[in-house]
2 protein chains.
Amino acid sequence: MSTSSPHRLIRAFLRQPVDKTPIWLMRQAGRYLPEYRALREKAGGFLALAKNPELACEITLQPLKRFPLDGAIIFTDILVIPDAMGLGLYFAENEGPKFKKMICSQEDINKIIIPDPTEKLNYVLEAIKLTKKELNNKTPLIGFAGSPWTVATYMIDDAKKMLYQNPELLHNLLAKLAESTVLYLNAQIDAGVDAIMLFDTWGGLLRTPDYHNISLYYAKKIFSGVNHRVPRIFFTKHGGQWLEEMVDIGCDVLGLDWTVDINKARLRVGDKVALQGNMDPMMLYTNPKKIQEEVECILKSYGKHVGHAFNLGHGIPKDIPVENVAALVDAVHELSTKYHG
Amino acid sequence: MSTSSPHRLIRAFLRQPVDKTPIWLMRQAGRYLPEYRALREKAGGFLALAKNPELACEITLQPLKRFPLDGAIIFTDILVIPDAMGLGLYFAENEGPKFKKMICSQEDINKIIIPDPTEKLNYVLEAIKLTKKELNNKTPLIGFAGSPWTVATYMIDDAKKMLYQNPELLHNLLAKLAESTVLYLNAQIDAGVDAIMLFDTWGGLLRTPDYHNISLYYAKKIFSGVNHRVPRIFFTKHGGQWLEEMVDIGCDVLGLDWTVDINKARLRVGDKVALQGNMDPMMLYTNPKKIQEEVECILKSYGKHVGHAFNLGHGIPKDIPVENVAALVDAVHELSTKYHG
């Protein structure tokens, strides 16, 4: 990995000194932005946007035109891998993501192809290349994928039931997902992303031994297969009790959800990783003054240490006021200078 | 509190030696039992059952007729307090519990009465008295209430929004709920319950400072107001990262959800409290052999120590096979003898 970067965000990921705490936001390109909603309606839904590199690029850049964010994250979805595997991703009106074909048996798993990302997921890679060109190296671009367990929970009717009733079947699926994820993240890095993030959104539903055998096992496998040219972020929602166990899987940064005390988290992980997080997204429903207070509180809690990338503890809700996001980004930059240099 | 009890479960709660690890199950009187479903259909729904002391007693005893459980828990709901406050609890078909009147303003809170349990919740107290009579002191009976925060999440359209937008309003509501809960739990104890449990089901959604100011603050307030004649259990789902902070609120037992490693939990809380839990309820979808293996695993993890009451980490799902519950109860009794005496 290159150990020198002009980008505040990448420097924070690498635990290097910065002038201000950098900030980016999970789901920063999303439904709270009127220009996103307009484009989505015009295109005819989420997938039409995600599969069109020009539009995906445009959406990735939308929040950066409004706010001085320190990072962009490519506009796509963690479920594009199973879609590329041939399962048929779709979004039913007012419902979550669904697949036309669900995984029930070993036969279903045998039928799954390991997608060649340069073929089946080329629309993501093209979107990355276009976005990198537009960003012109002024702002780093983050690529991402879902953890095998998290992605599998959408591919199986009840993944916990399969875990206990037929763990071998589940692991056969997770292994294929992990293999696909390595290829996909390497292709994202080749296309130019400056950091990658693995979203283990549903790891917090697992028993501790399963968290080890599933979340951590496959994350480690993925990180060991992915070119370490760029920093890696690992994030388990509701994973606060397992931070010490996460630091050895080969990631550079741990994402924290909003329930975790960031000061205690820092003391628990020591200097092994940087931390990303962790304001409660629901705080964005308040007002600029309260948001500033909360930012100060989180910055103070982290203290005068390297290795903090400000973020939310989960994605931005779809209906928060845009001016509150502006207030958040400004507050982080303005209030953090005293903790640096 | 009386420090001597003939009951295995109460002795475990008090960290006294037992011959076998006792077991009871959250939602042990529930929809997985065909005799429950039959009675519910006949009565015309959940509330008709809960508000009829004879039927509530009958349902409380149903699982004990099938399985040699070490405790009964009175059949009722955490939302009977706001119902008694005048908000009008009802259950829409295939939906969760709802209230006819929701709490939006200080005026709404002003209108709330602190229910006199001997009047407004007498049906629960009568059910307790009938059940105690039927149990004839062979099995202890557990009473319970929801934590103010957990109950409030059902009374407010978006409790997290209120917490951040108008914390004073939320706290005014929580204070009234806490006051009502003290009266209610004391009335349950007067009616004869042998232990009480406070369900903080949604405490795991809070930021750490709010977990302190809300979950722990009101739990402590409630426990300090409730007669300590009987042991108290406190349970926060997804609260695994805060166990050390829970031990000083005046409870005797901490409930653990399925994500927590019970051995580590025991080391973290020391000899300050007993532990209750923590098999994943989803494990009940497997078969007797796998259930036995999991029971052995949890018993071994807890080890040869006093103070373990076996339970699930969350309520029994509605569609698990009854024979698997039988296998679980037998496994705990049979496999645990080697860890005692």
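In which sense, parallel or antiparallel, do strand β8 (residues 274-279) of chain B and β9(B) pair, and over how many bridges? Here are some notes to help you find your way around this predicted model.

1. Let's begin with that pair in chain B. Strands β8(B) and β9(B) lie parallel, joined over five bridges. One place to look is Met279(B), which has Leu312(B) of β9(B) opposite. To get from β8(B) to β9(B), the chain passes through helix α15 (residues 288-302) of chain B, in a right-handed β-α-β crossover.

2. Next, have a look at the surroundings of β9(B). Five of the five residues in this strand (residues 308-312) are buried, so the rest of the structure largely encloses it. Its side chains face two ways: His308(B), Phe310(B) and Leu312(B) point to one side, Ala309(B) and Asn311(B) to the other, and all are buried.

3. Now turn to chain A and its strand β8 (residues 274-279). Six of its six residues are buried, which means that β8(A) is largely enclosed by the rest of the structure.

4. One partner of β8(A) is strand β7 (residues 253-255) of chain A, with three bridges in the parallel sense. Here Val253(A) is opposite Ala274(A). Helix α14 (residues 262-269) of chain A carries the chain from β7(A) to β8(A), and this β-α-β crossover is right-handed.

5. Strand β9 (residues 308-312) of chain A also pairs with β8(A): the two run parallel and share five bridges. Among the contacts to look up, Gly277(A) has Phe310(A) as its bridge partner. The route from β8(A) to β9(A) goes through helix α15 (residues 288-302) of chain A, as a right-handed β-α-β crossover.

Terms used: Residues are numbered from 1 along each chain as its sequence is written. Chains are lettered from A and ligands numbered from 1 in the order in which they are written. This is a predicted model: local features need pLDDT of at least 70, side-chain atom pairs count only at pLDDT 80 or more; totals for chains, interfaces and linings use all residues. Side-chain values use heavy atoms; hydrogens and water are left out. Buried means under 20% relative accessible area, exposed over 50%, partly exposed in between (1.4 Å probe, protein chains only). Helices (H or I, at least four residues) and strands (E, at least two) are DSSP runs, numbered from the N terminus. Two strands pair if DSSP finds at least two bridges between them. A crossover is right-handed if, with the strands pointing away from the viewer, the path from the first strand over the helix to the second runs clockwise.
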